[in-house]
Amino acid sequence: MLRPIPAIVILGNGSLATARKIQQIYPDALIHGLAERVEGADRLYREFGATLRELYLQDTPIIALCAAGIVIRTLAPLLLEKGAEPPVLAVAEDGSAVVPLLGGLGGVNVLAREIAAHLDVAPAITTSGELRFGTCLLNPPAGYTLGDLELGKRFVSDLLAGETVRIEGSAPWLAQAQLPQDKEARLTVHVGHAERMACADELLIYPRNVLIAVAASTDDLSGAIRQALHQAGIAVQSVACLLAVDTDMANVTLRETSLELGVPLRFADAVADVGELVRGVIAHPVCLFGNDAIAIAVAEEPLDPLQIGRPRGRLAVIGLGPGACELMVPAVKAELARANDVLGYETYVRMAGPFRADQVMHCTDNREEMQRARHAFQLAAQGRSVVVVSSGDPGVFAMAAAVLEALHESTDPAWHSVDLEILPGVSASLATAAQAGAPLGHDFCVLSLSDNLKPWSIIEKRLDLAAQADLALAFYNPISRSRPWQLGQALDIVARHRVPETPVVLGRDIGRPGQTLRVTTLRQLTVDQVDMRTMVLIGSSTTCVFPRSDGGQWVYTPRWYGSKPE
Ligand code: SAH
C-alpha cells in the first residue's frame, strides 16, 4: 500500500550530499532547498518557516536536515491544533544523527529506522513501547487499524509496567515483535473484523478486509450501510473501501457517504447487481451479506483499495500566480503534489515543477488550448489526477474557459463524471498593481489586446467605451511580434479620453527573475517599452503618484470618486 512521499528540506549546500543519500531510499521525494543558498535542489523555497508549516499542514512527512530545535520552534504554533500529524524528523547535516520528532502514530520511527539503517547510524528512538517491543502497537501497519487510541495508550503502559499479553487472531507483524506473550495473560490483543465492544483488558485491532458494494440510489446510504454491517456483525472499522458502478461516479450521496465513513470510494463497470459487483473484484470472498442496495464481502486478507476497480478521475485547472513560489496559493501546491499528469504550455509546466519521477508532464504549444483541454479530460476519465496549468489565474485569458468549453461540447458521460475544479491564482494585473501600490484601487477594466481570438473592431470599441467611462485599464497581451501595431492604436484611443499626465505602470516578468516595474505617464509611454511579458496598467482621472522613500513612486487610485468624502 502507498505511503505518503516525504519532503526532504535543507537549508544549505552542506546538507545536499546527505539529502541525496536519503533520496536513494525515497526516490520520489523532492529535495526542497533554500533559494540563493542551495544549488541543485529539486525545488526552491524562500521562507523556511512557511514552507515547513505548509508541508506539515498538508500531512507531508518531513525530513529536515537541520537542528531539531529549529524544526520544533517552527512547528510549535501548529502542534496543539492538529489531531493526526505526519512524521517529522530532524537529521544532522552530515548524516550522523536521525531524530524522530513528531508523528509517532504516523510511522515516524519506521522512517527513522529506515533512514538510520541507510546512513549506518543508530536512530534516536525514544518511544518506550517501541524500544521495548520493537514495534509501535498503537500504529499497526497499512491494512490494519487501531480500535481506540486512548485505551491503546493505557494498554501499552500496562505492558511496559511488566504485564504479559495474549494475541487472538491473525497479526503477522506482531509475531515478529518482542512482546511478552503468555497464553494465560490478562491482557489481550484481539485482531478481527467482528463488531465487538472492547473488554477492559483488550486492545482491538481491525483488519481492513471488508468491501462494500453500494447502489447510489439508496436513501440514507451511510445509515443503511451501518445497519447492514451491524446485522452482519461486522465492525465498521474493518471497511476497506466502498465500490459503486462508474455511471454513479459524480453522485453526491456516494461522495458524502465515503467521507462520512472515512473510506475511499472506487468504481467498476456496471453489472447486474451489487453482489456481482463485489464478486467481480474479490476472487473468493469469505462471506457475502447483502440485499439489492448493499453487498458486504469479507476477504481473507486486508484489501488494498488502490487495487480495487478505479477511482473517480480528477481534473484541476490551476493558476500558478505570476511566478514566485510564495504567490502560489497553497491549494494549488497541494494539487500539484497529488497530480499524476500535468498539462500545459512548456514554460508554465516547468514553472510548476519540478515533478517526481512518477508524475507525467505533457508539454504543448501555447496555441493548442482546445486540444490540451480534450487531452486532459481523456486522461482524467481514466481515473487519473490531472492538472492543467496556467500562469496567473486560469480564468483570466487562460485555460479554465477552454476546459469548460471542451466539456460543454462533449456528450461523453465519462468526461462529465470527472471531478473538475478550478483553482485560482494571482493574476498578472493584480501582482503588478500590488507592486506599484494600488492603481486598480477603484473600478477598473481588464482587456486583452490580442486580436487572435476576437476582431480588432471589438477591442477598439471596448477600449473607447472603457476609457470614456473613466475606468482604470489593465492590458494583457499588449503586443507581440505578430501583433506589432495594435498597442499604438489602443493608446491613441485612450488618449482621446485621458490627459497626457495620466499615470501608467509597466510590470515586466513580475514575480519572476529579472522583474522590472516602471511608473511613467501616458505622454511618455512608447510602444518599444512594452513586450508580450509586460502588463500595462493605465490610471483613471483620479489616479495619483507620489514619491516613496526608496526613490521610487507609489501609484494609487483612491476609493472615492467625485469629491473626497470627509
Ligand atoms: N492567466 C494570466 C494571463 C495570461 S495572458 C494571468 O492571469 O496573469 C498573458 C499576458 O499576461 C502576457 O502577455 C502579459 O501581458 C501578462 N503577464 C502574465 N504574466 C506576467 C508577469 N509575470 N508579469 C507581467 N505580465 C504578465
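**Notebook: surface patch, ligand site and salt bridges**

I began at the surface, where Phe397, Leu430, Phe444 and Val446 make a nonpolar patch of about 340 Å². The model I am reading is a predicted one. Of the patch residues I looked up Val446, which belongs to strand 22, residues 444-448. Its relative accessible area is 35%. I record Val446 as partly exposed because this value lies between the limits of 20% and 50%.

**Ala380**

I next turned to Ala380, in helix 13 (residues 369-381). Ala380 has 0% relative accessibility and is therefore entered as buried. Setting aside neighbours within four places in sequence, I found Ala380 in contact with Gly313, Arg314, Leu315, Val386 and Val418. I also looked up its separation from Pro503: 123 residues in sequence, and 46 Å from C-alpha to C-alpha.

**Ligand**

Which residues are closest to the ligand? I counted 20 residues around the ligand, and the closest are Asp393, Val396, Ser427, Met532 and Thr534. I then checked polar atoms against the ligand's nitrogen atoms. A backbone N or O atom of Ser391 is 2.9 Å from a ligand nitrogen. For Arg512, a polar side-chain atom lies 3.4 Å from a nitrogen atom of the ligand. For Arg533, a polar backbone atom is 3.5 Å from a ligand nitrogen. The ligand taken alone exposes 540 Å², of which the protein buries 94%.

**Salt bridges**

I noted 26 salt bridges in the structure and looked up three of them.

Arg314, listed above as a contact of Ala380, pairs with Glu421, the closest N and O atoms being 2.8 Å apart. This bridge links distant parts of the chain, with Arg314 in strand 16 (residues 314-319) and Glu421 in strand 20 (residues 419-423), 107 residues apart. Arg314 is buried at 7% relative accessibility, whereas Glu421 is partly exposed at 33%.

Glu501 and Arg523 meet at 2.3 Å, N to O. Both sit in loops: Glu501 between helix 18 and strand 24, Arg523 between strand 25 and strand 26, 22 residues apart. I entered Glu501 as partly exposed, at 46%, and Arg523 as exposed, at 56%.

Where do Asp531 and Arg508 lie? Asp531 is in the loop between strand 25 and strand 26, and Arg508 is in strand 24, 23 residues apart. Their closest N and O atoms are 2.7 Å apart. Asp531, at 24% relative accessibility, is partly exposed, and Arg508, at 27%, is partly exposed. Through shared partners, salt bridges join Arg508, Asp509, Arg512, Asp531 and Arg533 into one network. I had already met Arg512 and Arg533 at the ligand.

Terms used:
Residues numbered from 1 in each chain as written. Predicted model: local features only at pLDDT ≥ 70, side-chain atom pairs only at ≥ 80, totals over all residues. Heavy atoms only, no water. Patch = residues over 30% accessible without salt bridge, like charges linked within 9 Å, V, L, I, M, F, W, Y side chains within 5 Å. Areas by Shrake-Rupley, 256 points an atom, 1.4 Å probe, with all protein chains shown as cover. Salt bridge = Lys/Arg side-chain N within 4 Å of Asp/Glu carboxyl O. Helix = DSSP H or I, 4+ residues; strand = E, 2+ residues; numbered from the N terminus. Buried < 20%, exposed > 50% of the residue type's maximum accessible area, 1.4 Å probe, protein only. Contact = heavy atoms within 4.5 Å. Near = heavy atom within 4 Å. Polar contact = N/O pair within 3.5 Å; in protein donor to acceptor, adjacent residues only side chain to side chain.
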